[in-house]
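Grab a pencil and open the viewer. Below are a few exercises, each with a worked solution.

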Amino acid sequence: MMKVVVLGGSGFLGANVMEVFRRRGYHVDACSRRTGVDARQEQPLLAYLRRTNPDILVHCAAHVGGIAYNAKCPVAIFEDNLLLGYSILRAARRAGIKKLVNIMPNCTYPGEMDLYTESGWWDGPMHPTVLTYGMPRKALWVHAWACRQESGFESIHLVLPNLYGPKDHFDVVRSHALGALIRKIVDAKQAGIEEVEIWGTGRAIREWMYVEDAAEGIVLATERCNDMEIMNLGCGKGCSIEELAEMIRERADWRGRFIFNTTKPDGAPVKILDVKKMNAALGGWWPQTGLREGIAKTMEWYLRHREAVPSLESPVPVGMAR
């Protein structure tokens, strides 16, 4: 039986990845600060990997948030993700890991591209609103490339769009647009509030992938792929933030109005992944959950658990997607 360790396995994406690996017959362990291992520190992580001796290491750990959170904590985001990438790769090599599966954000692409095609990954600078998150994640790929050149270390690198689903962040600063909008609109409906503020113009285009679909794709790519060049994993289509807000309004049956705060940034104008390489590599695999269906499932989860979500001490605008 193949053994897998999922870094960040207690988190939003990692927990779903673990569930898919289990269903497919793997022995899976979670490694995270909740389980007592801080992956930013190489020696404790190395000791853990030598003790558990996995064949595959899946890197789902990240210090991440939306535009508002990136602006609030840029140093911590940059340093934590830089330390994570450096320590994880060094520990993986020293522990004899057979394959590293590195999950990467779409913000590592140039900020002005209309369609994120793998061949264009190096064709321009990242958008400044996500630089402190995207740069250390991109640096991990370079580190892995160097390890491949020097010692043949095997790794694959999957670029994902914004994820959403049950157990997502619903903090209006820490979360991306979809989770933040669900919270703001549902809470406005419950409280009889007539206005919800949204950062930016509402015209920015974002791609959204349901977290359970993302986990299925990651496990399938782990089994089928060995090329370390990046591969997009997504739906290949997007919608504007305004269109997204209208879908959530419709589902919540809220009759209020949106206030677009155009003094705040939109971020990159368009973020859509080209998924032709994914379709070819994964035998025609495609995410199964449509956006409206996924929104409905996510809202149902939030409504059941909203009392456990920390309340806002003061009104905070919606933080837009990375």
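**Exercise 1. Work out where Glu246 sits and what its side chain pairs with.**

Step 1: Start with exposure. Glu246 is partly exposed, because its relative accessible area is 32% and the classes run like this: buried is under 20% relative accessible area, exposed is over 50%, and partly exposed is in between (1.4 Å probe, protein chains only).

Step 2: Find the partner. Glu246 makes a salt bridge with Arg249, with 2.8 Å between the closest N and O atoms. The term salt bridge means a side-chain nitrogen of Lys or Arg within 4 Å of a carboxyl oxygen of Asp or Glu. As background, side chains of opposite charge can pair when their charged atoms come close.

Step 3: Place the pair. Both Arg249 and Glu246 belong to helix H8, three residues apart, about one turn of the helix. Helices here (H or I, at least four residues) and strands (E, at least two) are DSSP runs, numbered from the N terminus.

Step 4: Check the arginine. Arg249 has 17% relative accessibility, so it counts as buried.

Step 5: Look for a bigger group. Arg183, Asp187, Arg306 and Glu307 are joined into one network by salt bridges that share partners.

**Before you go on: what are you looking at?**

This is a predicted model, so local features need pLDDT of at least 70 and side-chain atom pairs count only at pLDDT 80 or more, while totals for chains, interfaces and linings use all residues. Residues are numbered from 1 along each chain as its sequence is written, and side-chain values use heavy atoms, with hydrogens and water left out.

**Exercise 2. Find where the pLDDT stays under 50.**

Step 1: Get the overall picture. pLDDT is the predictor's confidence in each residue, from 0 to 100. The chain average is 93, and 96% of the residues score at least 70.

Step 2: Pick out the weak stretch. Over residues 312-322 the pLDDT stays under 50, and the model gives that stretch 49 contacts beyond four places in sequence. A contact is heavy atoms within 4.5 Å.

**Exercise 3. Which parts of the chain do the Arg94–Glu42 and Glu195–Arg257 salt bridges tie together?**

Step 1: Count first. Searching the whole structure turns up 21 salt bridges.

Step 2: Take Arg94 and Glu42, whose closest N and O atoms are 2.7 Å apart. Arg94 is in helix H4 and Glu42 in helix H2 (residues 42-52), so this pair ties together parts that are 52 residues apart in sequence.

Step 3: Compare their exposure. Glu42 is buried at 13%, whereas Arg94, at 39%, is partly exposed.

Step 4: Now Glu195 and Arg257, whose side chains meet at 2.7 Å, N to O. Glu195 is in strand E7 (residues 195-199) and Arg257 in strand E12, so the pair ties together parts that are 62 residues apart in sequence.

Step 5: Both ends are partly exposed here, with Glu195 at 40% and Arg257 at 48%.

**Exercise 4. Is His59 buried or exposed, and what does it touch?**

Step 1: Locate it. His59 is in strand E3 (residues 56-59).

Step 2: Read the accessibility. His59 has just 1% relative accessibility, so it counts as buried.

Step 3: List neighbours. Leaving out residues up to four places away in sequence, His59 touches Leu7, Ile88, Leu100, Val101, Asn102, Ile103, Arg137 and Leu140.

Step 4: Add the side-chain reach. The His59 side chain comes to 3.4 Å from the backbone nitrogen of Ala61.

**Exercise 5. What phi sign do Lys167 and Asp253 have, and where do they lie?**

Step 1: Lys167 isn't a glycine, yet its phi is positive, about 75 degrees. Lys167 sits in the loop between strand E6 (162-164) and helix H6 (177-191), and it counts as exposed at 62%.

Step 2: Asp253, also not a glycine, has a positive phi of about 55 degrees. Its loop runs between helix H8 (241-252) and strand E12 (257-261), and Asp253 is partly exposed at 38%.

**Exercise 6. Locate Thr289 and name its contacts.**

Step 1: Thr289 is in the loop between helix H9 (276-281) and helix H10 (291-305).

Step 2: At 13% relative accessibility, Thr289 is buried. Beyond four places in sequence, Thr289 touches Tyr210, Asp213 and Gly294.

Definitions and conventions. A polar contact is a pair of N or O atoms within 3.5 Å; within protein, one must be able to donate a hydrogen and the other to accept it, and residues adjacent in sequence count only if both atoms are side-chain atoms.
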